[in-house]
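Got your viewer open? Let's take a walk through this protein, picking out a few residues at each stop.

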Amino acid sequence: MVSIAINKNRDNVAMLGIGAYRPQRIVSNEEVCEVLDSTPQWIFERTGIQTRRWISGDETLQSIAAAAGERAIVNSGIDRSKIGALILATSSWLMLTPHGAPSVAHDLGINGIPAFDLTSGCGGFGYGLGVAADLIRAGSAEYVLLIGAETMTVGLDPTDRGTAMIFGDGAGAVVVGPAEENGISPTVWGSDGENASAIAQDVNFLDYMEKAQAMQGTDPAIEPIGRMSLRMEGPRVFRWAAVTLPRALSTALEVSGVAKEDIEVFIPHQANARINELMKKNLGLADDIPMANDIVQTGNTSAASIPLAMEEMLVTGKAKGGQLALLLGFGAGLSYAGQVVTLPPKPVEPSF
């Protein structure tokens with residue numbers, strides 16, 4: 001029998017460095033309400049958001065992803081030549097072909113490595129963290145760069161009361177690699193396709209192609225399909241979250257072997273401040289446990305949300321490297337992913 005040589009399995013993995021990029025433009029609730037039929041106070045009371053970041057100038061999804069990835073590599077202290085794979089968690093890369101990750105890898109000076117996009121909405125970073133950890137444990141890569149990046153405003157209808165006030169742009173990244181002690185628990189994840197339409201784009205590509213074919217050489221008066229925007233049924237998502245997420249959090253603790261009393265930091269997806277407070281209360285976490293609240297200044301950045309919130313807590317001292325944190329991302333799909341992790345060190349190069 002011939003044995004197949006593989007890299008030595010690495011059971012213990014952790015986040016070794018974190019980086020982030022926050023777009024230059026700061027958009028207040030007052031500015032949003034110049035177009036949206038709402039008030040700044042109503043937006044804050046309903047969501048917990050005061051400002052958000054929107055890309056401007058020459059900022060793109062590719063550029064902000066590369067900027068966050070660069071900071072994560074520098075902050076990890078790992079030579080970039082050792083990065084064995086790049087995962088780009090995003091739902092706002094606008095092309096199916098080519099996908100975004102190879103271009104980002106090229107921009108980072110690590111062209112040639114396996115690089116792929118992972119699309120799982122607001123749960124994308126958690127999905128990516130699970131995949132990255134398992135790639136390393138299986139010996140498929142020694143170090144993995146995971147980037148969560150979104151430019152949600154590219155597909156935002158500024159008049160839609162269900163989405164216009166919520167979303168922002170940004171990117172966060174971590175370098176995942178072998179460690180002396182395990183710092184990433186097994187991923188607890190799932191999806192609910194029965195309710196997937198609760199968060200959806202309002203134009204699908206099949207409709208677009210059928211209309212484009214109808215326009216070819218026929219009636220020039222046929223209107224082209226307009227801008228594709230994201231739509232969300234807020235109450236329906238809230239009901240799903242109220243039932244699904246408490247179970248996911250409890251299971252994440254169970255599979256990690258960690259008691260809730262041992263959790264030192266809670267970093268949920270920054271979708272809605274009210275939902276996060278409800279999750280913390282229902283889980284029975286202590287009142288004095290720091291909880292991420294980056295949504296106030298950054299809004300909902302989908303797959304970038306958790307790494308951005310994590311970086312903000314480390315930079316401001318609300319959390320410290322080495323602390324035990326409970327993560328949970330959730331959103332489009334409807335999908336979710338959660339882990340218990342050891343926080344990476346405070347970044348030397350912060351995003352603000």
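Here is a tour of a cavity, a pocket, a surface patch and some salt bridges. Keep in mind that the model is predicted.

**Stop 1: the cavity**

Start by selecting helix 7 (234-256) and helix 8 (273-283), since each supplies at least two residues to the lining of the largest cavity. Which helix gives the most to that lining? Helix 7 does, with five residues. Now show the whole lining as sticks: Phe238, Ala241, Ala242, Leu245, Pro246, Ile275, Leu278, Met279 and Asn282. By class, you're looking at eight nonpolar residues, one polar and no charged. The space they surround has a volume of about 80 Å³.

**Stop 2: a pocket**

Next, head to the second largest pocket, with a volume of about 160 Å³. It has 11 lining residues, and the ones closest to its centre are Val35, Trp54, Leu156, Pro158 and Ala164, so select those. Colour the lining by class and you should get seven nonpolar, one polar and three charged residues.

**Stop 3: a patch on the surface**

Switch to a surface view and pick Leu94, Met95 and Val154. These three form a nonpolar patch, with about 290 Å² of accessible area together. Zoom in on Met95, which sits in the loop between strand 4 (83-89) and helix 4 (101-107). Met95 has 47% relative accessibility, so it counts as partly exposed.

**Stop 4: salt bridges**

How many salt bridges does the model have? The count comes to six, and we'll visit some of them.

Select Arg22 and Asp294 to begin. Their closest N and O atoms are 3.3 Å apart. This pair links distant parts of the chain: Arg22 is in the loop between strand 1 (13-21) and strand 2 (25-28), while Asp294 is in the loop between helix 8 and helix 9 (295-298), 272 residues apart. Are these two buried or exposed? Both Arg22 and Asp294 are buried.

For a contrasting stretch of chain, jump to helix 5 (residues 124-138), where Arg137 and Asp134 lie three residues apart, about one turn of the helix. Their side chains meet in a salt bridge at 3.6 Å, N to O. Asp134 is partly exposed, because its relative accessible area is 42%.

Last, select Glu312 and Lys318, whose closest N and O atoms are 2.8 Å apart in their salt bridge. Glu312 has a relative accessible area of 9%, so it is buried, whereas Lys318, at 43%, is partly exposed. Before you close the viewer, add Glu311 to Arg22 and Asp294: salt bridges that share partners join these residues into one network.

Note on methods. Residues numbered from 1 in each chain as written. Predicted model: local features only at pLDDT ≥ 70, side-chain atom pairs only at ≥ 80, totals over all residues. Heavy atoms only, no water. 1 Å grid on protein atoms, 1.4 Å probe; cavity = no way out; pocket = protein on both sides within 12 Å on 5 of 7 lines; lining within 4 Å. Points joined across faces, edges and corners; volume = space filled by probe spheres on them. Nonpolar A, V, L, I, M, F, W, Y, C, P; charged D, E, K, R; others polar. Helix = DSSP H or I, 4+ residues; strand = E, 2+ residues; numbered from the N terminus. Patch = residues over 30% accessible without salt bridge, like charges linked within 9 Å, V, L, I, M, F, W, Y side chains within 5 Å. Areas by Shrake-Rupley, 256 points an atom, 1.4 Å probe, with all protein chains shown as cover. Salt bridge = Lys/Arg side-chain N within 4 Å of Asp/Glu carboxyl O. Buried < 20%, exposed > 50% of the residue type's maximum accessible area, 1.4 Å probe, protein only.
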